[in-house]
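Biologist: I would like a close look at a single part of this model, the surroundings of the bound ligand and the sheet and helices of the same chain. Please take me through it in one connected account.

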Amino acid sequence: MKAVICTRYGPPDVLQIQEVAKPIPNDNQILVKIIASAVNSGDVRVRSLDVKGMMKFVMRLVLGISKPRKPILGTVFAGVVETVGNKVSKFKAGDKVFGMTGFNFGAHAEYTAVHQNSKVIEMPANASFEEAAAIVFGGHTAIYFLEKAKLADKANKKILIIGATGSVGTAAIQLAKHYHADITVVCSSEGKKLAGELGVTKLILYDKEDFTKQTEKFDIIFDAVGRSNRKQCKQLLNRNGIYKNVNRYASETTQQLQLLKELFEKGAFKAIIDKTFQIDEIKEAHRYVDTGRKKGNVVLKIGE
Ligand SMILES: NC(=O)c1ccc[n+]([C@@H]2O[C@H](COP(=O)([O-])OP(=O)(O)OC[C@H]3O[C@@H](n4cnc5c(N)ncnc54)[C@H](OP(=O)(O)O)[C@@H]3O)[C@@H](O)[C@H]2O)c1
């Protein structure tokens, strides 16, 4: 099968398309023919190892010293179940599924084998493969942090979302809207259009003003791009206000996928797709995500 191999850490040129063995599912795994994936900020970070100080050392220990131990990158997928292992009861051949491989990576390839109990569920009935692949990364991260921030506890919570136009930010806006929050976002003049399309009317343009000088106060501040710190935002929080920063670890669950599927089917969560690249254009896709300026998500088209 065709796969994107990360030959070492470095610029997008370290990525190569190679023919590798198709995975063979074990008794509890399903073999998924991947139709679409996404290239996310996490993928380019693993490829480039662009992290500071001790984190570089920690990441090498976790991912591989001189190159990724698991050379096929990619953590999200949408596709069709091709075969199932002998003990698989949850899925059958032909099911359309989407999910996340996380630290097992392997989604930038024509096939992946995943455990039936891993983060994989049936796709939203009304989603295309591209849409299903696009909602996973930002969606699960935004759900994780906004659940921690107790967003759903009551309506009309005042939330400030810093960095509203990336994968996590656009997902956070949609979740905040779903839970009837009063939303203010921090984005650039360039991102204003997209934020408006997502229904946000209160915007602070970071290239025109300093959001920390706001007089308004919030119940939740969620930094979806990791550019602020708690101290800087303290005066913007109401009493008992909660500050969350995406820089902290977020864990992935099947429940998050389930929620995304439900919201997508209800029309309460849309896939925000900036660009779509073919698997052979993987270097271009990484170069684009490397800019840190994508709007929403970048889809990687793999199969038909
Ligand atoms: N904890 C976890 O498990 C986890 C999971 C996912 C992501 N993350 C982290 O979350 C961050 C965001 O991820 P992502 O995938 O959403 O990134 P992304 O899609 O690449 O974010 C790009 C967006 O950020 C906006 N942006 C850039 N600088 C900004 C600034 N100073 N203020 C406001 N907006 C700014 C850009 O818009 P403009 O250029 O127009 O401003 C662009 O739309 C990354 O650092 C990533 O590593 C963490």
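Biologist: Which kind of ligand atom lies 2.6 Å from a polar side-chain atom of Ser188?

Modeller: The partner of that Ser188 side-chain atom is an oxygen atom of the ligand, at 2.6 Å, and such a pair counts as a polar contact (N or O atoms within 3.5 Å; within protein, one must be able to donate a hydrogen and the other to accept it, and residues adjacent in sequence count only if both atoms are side-chain atoms). This is a predicted model, in which local features need pLDDT of at least 70 and side-chain atom pairs count only at pLDDT 80 or more, while totals for chains, interfaces and linings use all residues. Residues are numbered from 1 along each chain as its sequence is written, and side-chain values use heavy atoms, with hydrogens and water left out.

An N or O atom in the side chain of Thr165 is 2.7 Å from an oxygen atom of the ligand, whereas Lys294 places a backbone N or O atom 2.6 Å from a ligand oxygen. Of the 920 Å² of accessible area that the ligand has on its own, the protein covers 88% (Shrake-Rupley method, 1.4 Å probe; for residues, only the protein chains shown count as cover).

The shell around the ligand holds 23 residues, of which Ser188, Tyr206, Arg248, Arg293 and Lys294 come nearest; a residue is near if one of its heavy atoms lies within 4 Å. By class, eight of the shell residues are nonpolar, nine polar and six charged, where Ala, Val, Leu, Ile, Met, Phe, Trp, Tyr, Cys and Pro count as nonpolar, Asp, Glu, Lys and Arg as charged, and the others, Gly among them, as polar. Helices α1 (41-48), α3 and α4 each supply at least two residues of this shell, and α3 gives the largest share, three residues; helices (H or I, at least four residues) and strands (E, at least two) are DSSP runs numbered from the N terminus.

Turning to the sheet, five strands form an open, parallel arrangement in the order β10-β9-β8-β11-β12, two strands being paired if DSSP finds at least two bridges between them. Its edge strands, β10 (202-205) and β12 (237-245), each pair on one side only. Within it, β8 (158-162) and β11 (218-223) pair over four bridges, and Ile159 stands opposite Ile220 in β11.
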